[in-house]
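User: Please take a close look at a single part of this predicted model. I should like a connected account that begins with one residue and then widens to its surroundings.

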Amino acid sequence: MQPSSGEREDESVHSVSEGIGDIGVDALQGKPMYKVSLMDLRPTQLSAGMQQVTEKRDKLIHKRLLEKPKKLDKFLREHPIPVVRGPPSSPQSHFEDAPQAGPLYLIDHHHLGSALLLCGIKEAYVALVDDLSSMSSDQFWQAMASRNLLWCYDEQGRELPGGLQELVSRLPRTLPELKDDPYRSLAALIRKAGGYDKKWVAFAEFRWANFLRGKVPLKAPEPVLQSGAVHIADSSSSSSSAVSTPSAFPALALLSTVPAAAAAAAGTPGAEREVGPEHPHVLQAAMQAAASPDAAHLPGFKGAVAGAAAAVLG
């Protein structure tokens, strides 16, 4: 793997600051960039919001990037995936074939990487935020945990009783193996609707997802839909690989856009798009929960401003 064209290798990669959470573009300036296979990137969480993934996929398809190689390369360079290099060995048996240089672990952009794969885009640029390959496996995972770069909860928001050790044993090897957490998608949607502000706090939207889990009931999966799956597109063949899907939650699957009036009331006019009449009660309940005092401890809390948007939805 070579540094991308036009990028200079920086041999002194700075450590990730504690609690970095979602990583802004500015934080990646000056980091060495490489173009790698997306299927070689290792997740650092068990789940993602698959409705959010499919929404990102739809936006990427709309850009028609696959038809314009130069435009695709520019987009990928402008949206590098931050990674940390781990040690060559790992306690997980399915890491035995990892390259000697050490596998690359995503520390953000799990949703973007998954969406790119769904579009049939097989490679992306990564920004190497830190190289911890000289550590032992135990040291590596402890360092990742101490920097808040791991999410020790499952797709239902349950904290793993075995903590770090259990997470390490359960982490998926590839992005398509991520489980679906519909509340993670709901958390992203209400942020776009103005329910709370984006903050560079570790796993902020997962924290909101866990809060909403006890406040906004989503329809239980219907048996006929449980086997549904979206597929990774393969532009070179007819084969594809099944991944998790939000289709088991039909009410949530409709929550891909935000009512214009609610977005305006929350001060987020960029989200002004109309939605159908079948799901406003879900969005309204989520916005009301986000505006309640119970949410005051969460990153980006807006209180009355979010309440104004919830009132519009009512």
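Analyst: Ser114 is a residue of helix 3. In this predicted model, Ser114 has a relative accessible area of 8% and is therefore buried, the cut-off being under 20%. Once its neighbours within four places in sequence are set aside, Ser114 is in contact with Val53, Leu175 and Leu178.

Val53 leads to the packing of two helices, since Val53 of helix 1 and Ser114 of helix 3 both belong to the contact between these elements. Two packed helices are described by the angle between their axes and the distance between the axes. For helix 1 (residues 50-63) and helix 3 (residues 110-118), the angle is about 55 degrees and the axes lie 8 Å apart. Angles from 65 to 115 degrees would count as roughly perpendicular and those under 35 degrees as roughly parallel; helix 1 and helix 3 are therefore oblique to each other. The crossing in which helix 1 passes helix 3 is right-handed.

On the side of helix 1, the contact is formed by Gln52, Val53, Thr54, Lys56, Arg57 and Leu60. Helix 3 contributes His111, Leu112, Ser114, Ala115, Leu116 and Leu118. By character, the residues of this contact comprise six nonpolar, four polar and two charged.

Leu116, a member of the helix 3 side of that contact, also has a place in the largest nonpolar core. This core has 49 residues, and Leu116 is among those that touch the most other members, together with Leu41, Leu76, Ile81, Val126, Trp141 and Met144. Strand 6 (residues 123-131) gives the most to this core, supplying six residues. Apart from this core lies another, of 21 residues, which includes Tyr183, Ile190, Trp208 and Phe211. In soluble globular proteins, nonpolar side chains tend to be buried together.

Trp208 and Phe211 also appear among the buried residues of helix 7, alongside Ala204, Glu205, Phe206, Ala209 and Leu212. Seven of the 10 residues of helix 7 (residues 204-213) are buried, so this helix is largely enclosed by the rest of the structure.

The setting for these elements is a protein chain with 11 helices and nine strands. Of its 314 residues, 51% count as buried. Among contacts in the chain with a separation of 6 or more, 77% are between residues 24 or more positions apart.

Notes
Residues are numbered from 1 along each chain as its sequence is written. This is a predicted model: local features need pLDDT of at least 70, side-chain atom pairs count only at pLDDT 80 or more; totals for chains, interfaces and linings use all residues. Side-chain values use heavy atoms; hydrogens and water are left out. A nonpolar core is a set of buried Ala, Val, Leu, Ile, Met, Phe, Trp, Tyr and Cys residues joined through side-chain atoms within 4.5 Å. Buried means under 20% relative accessible area, exposed over 50%, partly exposed in between (1.4 Å probe, protein chains only). Helices (H or I, at least four residues) and strands (E, at least two) are DSSP runs, numbered from the N terminus. Axes are lines fitted to C-alpha atoms, for helices over the stretch in contact, and angles run from 0 to 180 degrees between N-to-C directions. Angles under 35 degrees count as roughly parallel, over 145 as roughly antiparallel, 65 to 115 as roughly perpendicular and the rest as oblique. A crossing is left-handed if the near helix is turned anticlockwise from the far one by less than a right angle, and right-handed if clockwise. Contact means heavy atoms within 4.5 Å. Ala, Val, Leu, Ile, Met, Phe, Trp, Tyr, Cys and Pro count as nonpolar, Asp, Glu, Lys and Arg as charged, and the others, Gly among them, as polar.
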